[in-house]
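User: I'm new to this one and would like to learn how to read it step by step. Could you show it to me and start with a small detail?

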Amino acid sequence: MDEQKQTYDPAAIEPRWQQFWQERKVFRTPNPGDRDFDPKKPKFYVLDMFPYPSGAGLHVGHPEGYTATDIVARYQRQKGCNVLHPMGWDAFGLPAEQYAIQTNTHPAVATKKNIDNFRRQLQRLGFSYDWDREISTADPKYFLWTQWIWKQLHARGLAYESNAPVWWCEALGTVLANDEVINGKSERGDHPCERRPLRQWVLKITDYAERLLADLDRVDWSDAMKAMQREWIGKSEGAEIDFLVHGHVGTKVRVFTTRPDTLFGASFMVLSPEHPLVASLTTPQQKAQVEGYLRAAAAKSELERTELSKDKTGVFTGAYAQNPLFLDGDARGRIPIWIADYVIVTYGTGAIMAVPAGDERDFAFAKKFALAIPGIFAPQTADEATDAAIASGAQCCTDEVPFAAHCTSADGKVALAGLSMPEAKRAVIDYLQQRGIGVQKVTYRLRDWLFSRQRYWGEPFPVLHTKDGVELVPDSQLPVLLPHMDDFKPGGVPESPLIRARAWVETKDQSARPAQREINTMPGAAGSSWYFLRFCDPHNEREFCSRAASDYWLPVDLYVGGTEHAVGHLLYSRFWTKVLHDQGLVRHQEPFLKLYNQGMIQAFAFQDARGAVVPTALTKEQGDEVVHAESGEKLTRIVTKMSKRYGNVINPDDVVNEYGADTLRLYEMYMGPLADSKPWNPKDVPGVHRFLGRVWRLCVPEDFAIGAVHAHLHQDRDSDPELEKALHRCIAKVEGDIGRMAFNTAISSMMIFVNEATKRPDALSRGQLLRFVQILSPFAPHLAEELWQRLGGAELLAYAKWPSFDAKLLVDDEVEIAVQILGKVRGRAVVATNADQATMVAAAKAAVAQHLEGKTIVKEIVVPKKLVNFVVK
RNA sequence: GCCGGAGUGGCGGAAUCGGCAGACGCACAGGUUUCAAAAACCUGCGCCCGUAAGGGCGUGCGGGUUCAAGUCCCGCCUCCGGCACCA
């Protein structure tokens, strides 16, 4: 730094304060019971979704949410709260392991290196985390308790072994949970997946489906997020109905339907290809055809089944079922049983009653295979042609319309004509229930949580397999550690690489009998399903978290992260919390009170005429345009995600090196609303940096000889009343904006104040500057702390009390109002802020006198402090 | 197809409860300062007509409600995110 000049130099300020905060443990948070804990303060728990410490290092997307939570944490601290604001590492799982494999390093080594890098990068940004509470899910001291919690689930009968088909991903060499597979491809890496029966540990999250759904009403999350969880849980109410099969005494086919009211229109039945009755119901004549269809269905990859055309395929079994609403001899009641892969074995009962008149899919199937489509509705709208088509079954109708008169059972006990849809459903269910062949039923789309992976880098299960079955490792022997392995790569077989650690696998149980360790490991989401609890009591060696700590800190008051965890992590964490609650281990039932989802930070990229993206290194600016560096072709700017391939990835380290951490933080908050996705614009970054420079110069003279601050700031003096007003307005605005997570407008209001102050720098008093620096501090903490110290602020800014504002100073004595004629602004008038209507009208009339000439005022609308509108003729 | 969100200057965005559209920042233009440049500071900046005063138009499109609509209602279009044969 220039000896003669003191310009704003973040590189000189920031590391010093970071070091100070860390050495003095400024942000260490005491727990209830600690000597320096203050029980009089309210608590505030503000949490980030902790990162996977990937080898790529921090992305500019990370600090976006982290800065937002840091602003809230620092603000709440200054408002007098005990603030819990921790950070840790989601260190087990596929990303860390993939990186380890790519770089041929042991996962433990690679993970440690990545964590060190992440920590270094985060600490450069000045976040006020309590680093004493840092945790890593891959730390044995942590996963001891992950294993212990798993045993609690097991004890409640919520963990079981299953051989049901699961998603297998060949490329990743492991099975995946439902939320990790999208359209038959892996979420990570986009590799194809298929169904395979493999022995797996599964958690019974479906037992909690209803509570997970109902308790969404108790949390403050976005509608979008709640909608995604509701859809994933997928509750549907309807009925299960048993159909007898002709010629198979005692055989019933059970179907699930949400439309029992349409049972009169059931004209065939469909079993999924995997349905257990397929083989026994198929007649000898149909055997060859059915087997052919089953083979074809099995050969289809899941991708083809889900992604390819919705063209219906199917085959007749040769068997017939009996519609229970019709008499045995009635031809309408004898319905053929088909097999088709549009019916999914894992949903409902894996079989449906097909009502082509009331269901689009059944209608398409009936059309394709020329099956009967009996009409069951009698709509009466103005559109007679459509009414007739629906009545005859020529057109499918899924809306609520009146039922036809013939929807009456043979014994007359069910008659749907004249009933509403809910009444008709009720009538049919009651009738079936009385006869013992149907029951009201709620079904969920949610499947149990596939809770194991065939990978090395995860928590081992505390499980031994003996000849008598499964045995749990006693608590005293936890944690079960991973064996060291030099070759930890998946072996291309559906078995964990742990199988190769013979000495580890082959062990003895409590009674010294031979036993084999479980070789599957837990999935990545295991450790992240309870980390928010461990942060409350991270060093507890006797418990996963003391009741005193969790009762005090939980639930999390503000949780910030991306939307990508909508149905995975967030659902699993809610599930584990409820289980721990049921075990009497925590008081709360929902972990995250308020959830806020940040948008994505995107980037510019440049496209040529064909629409191909040209890597940024191959582009150059030419006047107002961007052209191809070699061909000179004009390129179009688009907004897209940052990607190595496009060469448009912004590295936070580079931004800090060039502008400093405060500028990075401020820019990310200034870009736009936190929840929106928005592009990184390198040209905008200097704008916020200039703002910080102006703040610096308000306080610090360029000439070193003058001192640490301007001479007029050396002592207190009376405040300039206009600047005082502006400051109060600014404090009120910033406070309100932090409360609604509108950090962009908070910053703009601070810019407005600084612009005002810059016009009359000598009028600004020390007291005003101290208060301004304080409200700036959550956003740009290094600069703020530096100026606070130079101005001689008491003790540390980080714990100074947030300044108050006087509501009286927020309003001016006079206010300029708009004067409208027929809603158009035709003039302006200045009136007293508390002027009465007559005064405002008089002033308004004077302001637009020439416009009113020759016109009659029909109506005067007066909005105090805003406007007067004349309606004229 | 279904569910959720969005569409405002050249660009990012603001307008919190139906009340002056475009705060703040960027880019751009002009100026002050300077030997010069950078930095800093000042001024202008939605579009159209006009030297100006002033006027007209304007928040994706088409309608509507209202004294008044970016904001409310109806019908569309486009983009983003999620789900997708779930009976």
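Analyst: Let's start with one bridge: Val-166 has Arg-196 in S10 as its bridge partner. Before we go on, this is a predicted model, where local features need pLDDT of at least 70 and side-chain atom pairs count only at pLDDT 80 or more, while totals for chains, interfaces and linings use all residues. Residues are numbered from 1 along each chain as its sequence is written, chains are lettered from A and ligands numbered from 1 in the order in which they are written, and side-chain values use heavy atoms, with hydrogens and water left out.

User: Which strands do S6 and S10 refer to, and how many bridges join them?

Analyst: The general idea is that strands of a sheet pair through backbone hydrogen bonds, either parallel or antiparallel. Labels such as S6 or H23 come from DSSP runs, numbered from the N terminus (helices are H or I with at least four residues, strands are E with at least two). Two strands count as paired if DSSP finds at least two bridges between them. Here, strand S6 (residues 165-169) pairs with S10 in the antiparallel sense over five bridges. Another of the bridges links Cys-169 to Cys-193 in S10.

User: What is on the other side of S6, and what does the turn look like?

Analyst: S6 also pairs with S7, antiparallel again, over three bridges. Cys-169 stands opposite Thr-174 in S7. S6 and S7 make a hairpin with four residues between them, and Gly-173 in the turn has a positive phi of about 65 degrees.

User: What is the order of strands in that sheet, and why do its edges have a free side?

Analyst: It's an open sheet of three strands in the order S7-S6-S10, with antiparallel pairing. Strand S7 (174-176) and strand S10 (193-197) are at the edges with a single partner strand each, so one side of each has no neighbour in the sheet. Neighbouring strands are turned by 50 degrees against each other on average, direction ignored (axes are lines fitted to C-alpha atoms, for helices over the stretch in contact, and angles run from 0 to 180 degrees between N-to-C directions).

User: Is S6 largely enclosed or not, and why?

Analyst: Buried means under 20% relative accessible area, exposed over 50%, and partly exposed in between (1.4 Å probe, protein chains only). Four of the five residues of S6 are buried, so the rest of the structure largely encloses this strand.

User: Which strands make up the four-stranded sheet?

Analyst: That open sheet runs S21-S20-S23-S22, with antiparallel pairing. Strand S21 (469-472) and strand S22 (506-508) are its edges, each with a single partner strand, so one side of each lacks a neighbour in the sheet. Three bridges join S22 to strand S23 (residues 514-517), and Lys-508 stands opposite Pro-514 in S23.

User: How many residues surround RNA strand B, and which are the closest?

Analyst: A residue is near a strand if one of its heavy atoms lies within 4 Å of it. By that rule 52 residues surround RNA strand B, and the closest are Thr-258, Lys-312, Arg-361, Lys-733 and Arg-828. Helix H23 (residues 743-759) gives the largest share of this surface, six residues.

User: Which part of the RNA do they meet?

Analyst: Of the atoms of RNA strand B within 4 Å of the protein, 63% belong to sugar or phosphate and the rest to bases. For example, a polar side-chain atom of Lys-312 lies 2.5 Å from a base oxygen of RNA strand B. In Ile-344, a backbone N or O atom lies 2.9 Å from a base nitrogen of RNA strand B.

Technical notes: A polar contact is a pair of N or O atoms within 3.5 Å; within protein, one must be able to donate a hydrogen and the other to accept it, and residues adjacent in sequence count only if both atoms are side-chain atoms.
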